[in-house]
Amino acid sequence: MLSLLIWVPIIGAGVIAFAPGEVSGARARLGAIGVSGFLIGLSALLLFQFDLGNPEMQFQEYIPWIESLGLNYQLGVDGLSLLLLSLNSLLILISILSSKIDIERPRLFFSLILLIAGGVAGAFVAQNLLLFFLFYELELIPFYLLVSIWGGSRRSYAATKFLIYTAVSGACILLAFLGLVWFSEASTFAYDTLMGQMLPLGLQFVLLALMLVGFGIKIPLVPFHTWLPDTYVEASTPVAILLGGILAKLGTYGIFRFGLGLFPEAWSNLSPYLAIWAAISIMYGAMAAIAQKDIKRMVAYSSIGHMGYILLGGAALTSLSVIGSISQMVAHGLILAVLFNLVGVVEAKVGTRELDVLNGLMNPLRGLPATSSLLVMGAMASAGIPGLVGFIAEFMIFQGSYERFPIQTLLAVVGTGLTAVYFVILLNRTCFGKLDNSTSYYPEVTFGEQVPALILATLIIFLGLQPTWLVRWIEPTGTAMVAAVSTESAAQVATLSVPVVE
Amino acid sequence: MNSFLAETIWFVPIYPLVGMLLSTLWFPSITRRTGPRPAGYVNAITTFLALVHSLLAFPAVAGQAATFKFIPWLQVADLDLTFPVMISSLTVGALILITGMNLAAQIYAVGYMEMDWGWARFYALLAMFEAGMCALVLCDSLFFSYMILEVLTLGTYLLVGLWLNQPLVVTGARDAFLTKRVGDLFLLMGVLAIYPLAHTWNFTELATWAQTAQVDPNVMALVGLALLAGPMGKCAQFPLHLWLDEAMEGPFPSTILRNSVVVATGAWVLVKMEPVFALSSTVMATAIAIGAITALGGTLISMGQIDVKRAISYLVSAYMGLTFIAVGTGNNDAALLIVLTHALAMGALVMSSGSIVLNNITQDLTQLGGLWNKRPVTGLSFVAGALGLIALPPLGGFWSMLALADGVWQSRPVVLGLLLVINAFAAFAITRVFGLIFAGETNPMTLRSPENLWPVTVPMVFGGAFVLHLPLVMQSLSLLPDWATLNKDVALLLIWSSIFGLSLGAVVYIGTFITKPVTLPSKALQDLFAYDFYTPRLYRSSVVGSVDIVSRVTDWFDRYLVDGFVNLVGLASIFGGETLKYSTTGKTQFYVLTIAVGLVLIVLLMSWSFLADLSLVSGN
């Protein structure tokens with residue numbers, strides 16, 4: 001079942017890419033929509049068949065591959081990856097729906113998108129470190145091509161920067177994985193075997209630091225973030241949605257699964273510093289966003305701040321904060337996707353993203369009232385207004401981490417305040433104000449263009465009002481992860497104290 | 001029947017919510033077909049249903065002990081978020097007040113917004129406020145109160161920004177949102193901080209906890225101050241009072257709600273949290289200080305305003321300041337009474353001044369005047385509101401003020417003195433507004449001024465009439481003190497202070513002895529009041545300015561240092577590559593040389609361990 005999530009889109013990508021030349025772009029788009037619809041169905045099926053009481057890996061698959069390397073085809077899904085997997089399926093559809101009908105080189109475009117779908121799904125379900133790494137690196141190629149072919153005017157600069165950064169990220173992660181396996185003298189890269197490793201703490205710190213840099217680039221955390229604004233801004237709307245909604249989550253997923261999961265002791269030792277790092281990231285992202293003059297860039301910087309909350313929740317290591325962090329991954333994916341989609345619509349219709357030029361789009365007759373209303377909703381969800389999904393995720397993180405890191409948590413709360421500042425700037429300049437009647441001959445936003453934002457808005461509001469539907473899948477795994485950290489630390493302490501007792 | 005309605009009282013917030021959803025169906029395309037009005041009618045009907053429901057439920061709960069209903073919302077890890085619904089005579093009474101004021105405002109809006117196209121948006125937002133406030137009074141939990149207050153902050157932003165193509169409206173909406181959000185975020189910090197101490201957010205349980213709590217006084221002071229900041233934002237207290245002034249850019253009908261009941265949401269939470277505040281004397285003292293500063297400052301600033309909406313809205317801040325004083329001195333009942341009498345009186349005041357503004361097309365007090373003969377109905381409503389606001393028997397304001405004054409009379413005589421001054425100032429300020437609108441010469445703007453359409457006039461008259469009947473209602477609910485226990489000295493003092501303020505105001509602004517416009521001897525002092533103690537400028541140079549500077553610095557740092565470093569590395573590698581490519585000369589000798597040098601280096605490296613053992617190198 002998990003294999004289907006990986007291979008159906010990849011096969012679909014192949015079919016679309018090598019379809020005969022007379023197949024029109026609309027056909028290719030339809031095919032891609034079909035495939036992603038199938039993925040969503042499959043994800044829904046997974047969600048409902050998932051055993052809520054079981055924090056372990058489910059739907060496991062195992063096929064021996066290159067045993068001598070310790071590389072096996074080993075898949076599984078738990079509360080951490082399940083929702084991200086579904087988010088991936090959803091955002092792939094959203095991304096395809098957000099693409100222009102008459103996009104250039106449609107077959108290549110859609111096959112690359114589907115390739116991403118398969119690769120990301122693979123990374124989320126891989127239970128073998130090397131297999132994860134393969135899928136993780138596989139992402140780079142389609143993303144690089146998508147940015148450099150369909151991007152904005154500075155696309156080649158952005159794409160190259162992205163490629164170099166993520167290559168460094170990959171190298172760090174590979175180094176950490178290899179180091180882990182060599183030093184623990186394991187014969188396999190299997191996740192469950194490596195989970196019980198008992199490396200000396202100093203070595204754990206080094207490996208964890210490598211991993212934090214590696215995934216920190218992907219997330220991104222300050223100061224590894226400078227690829228993000230360029231890449232997000234230069235990427236076309238569908239690609240930006242995938243970059244912000246999914247690719248960044250690969251980083252946070254990696255940090256939780258491999259950083260927290262494999263080095264619990266080092267993690268809990270480092271956690272005060274991680275919390276400080278998170279707080280800096282939050283404030284930095286928000287402050288930088290306030291100064292931006294380009295709405296897409298502003299949204300891009302907002303992403304840096306929001307990723308900080310996830311790290312904060314992970315650092316705090318209470319079951320509430322970890323559940324909050326995982327919820328925040330999903331919430332942020334939905335919110336960022338809707339923001340990028342709407343910014344894309346505004347750019348396509350009005351022809352600019354400049355804050356100083358945009359004005360009065362809420363105007364019911366000449367403006368883009370529906371898009372503006374959705375933009376208000378998205379911005380407010382991002383700013384953490386209750387009743388929308390961003391709030392409850394952030395609140396769980398705050399409440400969970402307050403007891404451990406009060407100062408950092410309060411700084412993060414200030415960060416949400418600053419989020420409100422820049423989103424109000426954004427809304428005031430774009431949606432409010434007087435529309436210039438002489439220039440406002442905007443093409444109408446068709447229903448098809450609104451569908452992605454409507455789907456996301458429905459989810460954001462529904463999950464905001466009924467967060468149980470978000471949390472129920474996460475809770476067992478989140479609690480188990482935290483419990484594992486505390487027992488593991490206890491076990492280490494026990495082994496250390498044994499000689500003393502004797 | 002009544003008890004069934006009382007049990008299902010949690011349904012009251014649902015009516016306006018349904019109305020809100022129905023209103024949002026009026027997209028521009030549908031509005032083009034039906035006109036904007038049905039969106040409003042739908043809402044007025046749902047509000048009416050909510051009002052009827054609350055009214056019918058009231059007899060079943062009057063005099064009964066509070067009952068609770070629990071609606072589970074989210075249970076995660078060790079956190080249990082259940083919505084506790086508190087059904088008591090107080091909460092149902094508050095529901096009646098809220099839905100009643102809403103119905104009045106919505107009918108009023110039918111007339112006032114006659115020519116407007118934004119009905120769907122406007123009514124949806126009014127309904128959102130109504131639903132939020134109803135849910136707030138029903139909920140017995142700090143956490144859910146915070147959630148609702150935060151949603152209402154968003155509502156304020158959108159409602160103030162209704163006429164979004166005017167630049168002043170846009171900045172007003174922005175400032176209102178951000179100022180309220182500051183208060184909300186402090187409240188959030190308080191919400192986060194109090195849970196580890198009390199392990200509950202339920203007001204009732206918090207009160208029980210507070211009776212026996214042993215908390216570090218410093219921690220409690222900080223937590224209490226954070227919790228106090230939320231109501232401060234909502235009640236437009238100094239230094240977060242600016243938003244109410246800016247919010248006056250919004251349409252008049254929403255001002256009816258805002259000035260009467262929306263600001264009172266803060267006072268409501270304040271009263272509910274009083275047991276927790278009482279744990280720290282610092283917090284209580286701060287509440288009194290803030291309330292006193294705002295009340296005194298608000299009345300003074302109100303006297304300096306030439307905009308009728310602003311002149312009235314600063315009085316709102318002042319009266320909410322009185323609730324802070326009441327809670328700070330532990331007089332919760334007095335605080336709630338002030339909320340009730342102030343809400344009704346303010347409703348009448350805003351509706352009647354709106355009725356003037358609507359067809360004189362100006363809200364500038366200096367342009368108005370001489371309207372008493374032309375607008376007797378509006379004038380009477382205004383007078384009813386004004387007299388009901390200040391402490392003048394037998395109207396409501398007197399009894400609420402008396403309750404507060406009576407509570408502080410023994411323990412804090414200074415506060416009593418302050419109350420007398422504030423009351424006199426308020427009486428003066430409201431007389432001034434009355435004088436400038438209704439007395440004096442007719443101005444060009446007031447030459448033709450008939451009474452308005454019935455949707456405007458009827459709610460206004462009802463508002464005024466209800467203020468006049470409020471003492472009877474209070475009597476029937478036994479909210480009035482007995483003649484025997486009445487503190488006659490305090491009552492007399494209050495009456496004298498009101499009469500003093502009224503007569504002084506009348507002499508200056510209704511009489512003809514003093515030339516208008518009235519100026520203070522000191523221009524600087526007058527400007528200080530007129531420009532709201534220069535608070536906007538203060539904000540701009542402090543909070544706003546520093547955020548602006550820090551964000552620019554961060555952006556510069558990001559652009560030139562962090563990104564600059566990355567680009568430098570990139571440039572360096574390109575430069576290195578470009579330089580090295582000239583090493584590809586094609587000459588065999590050169591290649592042989594490089595190979596030789598490389599070999600020597602490798603050999604040296606490989607044999608380093610061997611060489612290091614030599615005594616020559618290691619020095620042994």
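Which residues in helix 2 of chain A meet helix 3 of chain A?

**Exercise 1. Describe how these two helices pack.**

Start with the ground rules. This is a predicted model, where local features need pLDDT of at least 70 and side-chain atom pairs count only at pLDDT 80 or more, while totals for chains, interfaces and linings use all residues. Residues are numbered from 1 along each chain as its sequence is written, and chains are lettered from A and ligands numbered from 1 in the order in which they are written.

Step 1. Find the elements. Helices (H or I, at least four residues) and strands (E, at least two) are DSSP runs, numbered from the N terminus.

Step 2. List the contacts. Two residues are in contact if their C-beta atoms, placed from the backbone, lie within 7 Å. From helix 2 of chain A come A:Arg29, A:Ala32, A:Ile33, A:Ser36, A:Gly37, A:Leu39, A:Ile40, A:Ser43, A:Leu46 and A:Leu47. Their partners in helix 3 of chain A include A:Leu82, A:Leu85, A:Ser86 and A:Ile96.

Step 3. Sort by class. Ala, Val, Leu, Ile, Met, Phe, Trp, Tyr, Cys and Pro count as nonpolar, Asp, Glu, Lys and Arg as charged, and the others, Gly among them, as polar. The contact of helix 2 of chain A with helix 3 of chain A has 12 nonpolar, 5 polar and 1 charged residues.

Step 4. Take the geometry. Axes are lines fitted to C-alpha atoms, for helices over the stretch in contact, and angles run from 0 to 180 degrees between N-to-C directions. Helix 2 (residues 25–49) and helix 3 (residues 79–98) of chain A pack at about 160°, with axes 9 Å apart. That makes helix 2 of chain A roughly antiparallel to helix 3 of chain A. Angles under 35 degrees count as roughly parallel, over 145 as roughly antiparallel, 65 to 115 as roughly perpendicular and the rest as oblique.

**Exercise 2. Describe chain A as a whole.**

Step 1. Count elements. Chain A has 19 helices and 2 strands.

Step 2. Take the extent. The C-alpha trace of chain A spans about 90 × 55 × 40 Å along its principal axes.

Step 3. Check burial. A residue is buried if 20 or more other C-beta atoms lie within 10 Å of its own, exposed if 12 or fewer, and partly exposed in between; C-beta atoms are placed from the backbone. Of the 502 residues of chain A, 62% count as buried.

**Exercise 3. Find where chain A touches chain B.**

Step 1. Count both sides. 43 residues of chain A are in contact with 38 residues of chain B.

Step 2. Find the main contributor. Helix 17 of chain A gives the largest share of the side that touches chain B, 9 residues.

Step 3. Sort by class. That side of chain A divides into 27 nonpolar, 13 polar and 3 charged residues.

**Exercise 4. Place two residues of chain B. Is each buried or partly exposed?**

Step 1. Take B:Ala264, found in helix 13 (residues 264–272) of chain B. B:Ala264 is buried, with 34 other C-beta atoms within 10 Å. Not counting residues up to four places away in sequence, B:Ala264 touches B:Val339 and B:Ala343.

Step 2. Take B:Lys69, in strand 1 (residues 67–76) of chain B. B:Lys69 is partly exposed, with 15 other C-beta atoms within 10 Å. Not counting residues up to four places away in sequence, B:Lys69 touches B:Trp10, B:Val85 and B:Ile87.
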